[in-house]
Amino acid sequence: MAVPDLQPEHVRPQALSLREARTRLAQLVALAELADTVTVIEHDRDARPVAAIVPAAAARSVAQARADAGRIAEVTAGWARRLEQTRQRSARQHASNLRVLTDALAEVWAELDRRIPSASDPALARLRAVHMDLLRR
């Protein structure tokens, strides 16, 4: 577990063995309360951190952060749901608009076919080929 960042970066938390921390507990608690000192307690045999004495405000802020994490997760899930609903609604509108546009273009091509023979205008033939290529995609 990370030690709360109560002190400037250049000040390292004090590290003591469990045996020494037991001996000096009252002093370490007073230091935490009065000077915002963090003391890391290490296992007696292998010097790995096992606990910390921190100011009460830091412990409350960690507990508050955990409580806030649940609320943040709820809010995030709500926004994700709203975004997905908006994406789906937008996709449906896009599909509907595309159908309307495709139908309108089909009507235009039908009218052009009635008015102009298909092989008589090279520019129109190129446009028709491009349109057919787009419809295949």
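Buried means under 20% relative accessible area, exposed means over 50%, and partly exposed lies in between, with a 1.4 Å probe and protein chains only. This is a predicted model, in which local features need pLDDT of at least 70, side-chain atom pairs count only at pLDDT 80 or more, and totals for chains, interfaces and linings use all residues. Residues are numbered from 1 along each chain as its sequence is written, and side-chain values use heavy atoms, with hydrogens and water left out.

**Exercise 1. Describe the overall form of the chain.**

Step 1: buried residues make up 14% of the 137 residues in the chain.

Step 2: the C-alpha trace spans about 105 × 25 × 25 Å along its principal axes.

Step 3: the radius of gyration, taken over C-alpha atoms, is compared with a globule rule of 2.2 Å times the number of residues to the power 0.38. The chain has 36 Å, whereas a compact globule of 137 residues would have a value near 14 Å.

**Exercise 2. Set out the elements and the pairing of E2 with E3.**

Step 1: helices (H or I, at least four residues) and strands (E, at least two) are DSSP runs, numbered from the N terminus. The chain has four helices and three strands, and from the N terminus on their order is β-α-α-β-β-α-α.

Step 2: two strands pair if DSSP finds at least two bridges between them. Strand E2 (residues 39-42) and strand E3 (residues 49-53) run antiparallel and are joined by four bridges, and Thr 39 has Ile 53 in E3 as its bridge partner.

Step 3: six residues lie between the strands of this hairpin, where Ala 47 takes a positive phi near 55°.

**Exercise 3. Place Ile 53 among its surroundings.**

Step 1: a nonpolar core is a set of buried Ala, Val, Leu, Ile, Met, Phe, Trp, Tyr and Cys residues joined through side-chain atoms within 4.5 Å. The largest such core has six residues, namely Leu 16, Ala 21, Leu 28, Ala 32, Ile 41 and Ile 53.

Step 2: contact means heavy atoms within 4.5 Å. Leaving aside neighbours within four places in sequence, Ile 53 is in contact with Leu 25, Leu 28, Val 29, Ala 32, Thr 37, Val 38, Thr 39 and Ile 41.

**Exercise 4. Is Glu 20 buried, partly exposed or exposed?**

Step 1: Glu 20 is found in helix H1 (residues 18-23).

Step 2: Glu 20 counts as partly exposed because its relative accessibility is 34%.

Step 3: the C-alpha atoms of Glu 20 and Ile 41 are separated by 8.8 Å, although the two residues are 21 residues apart along the chain.
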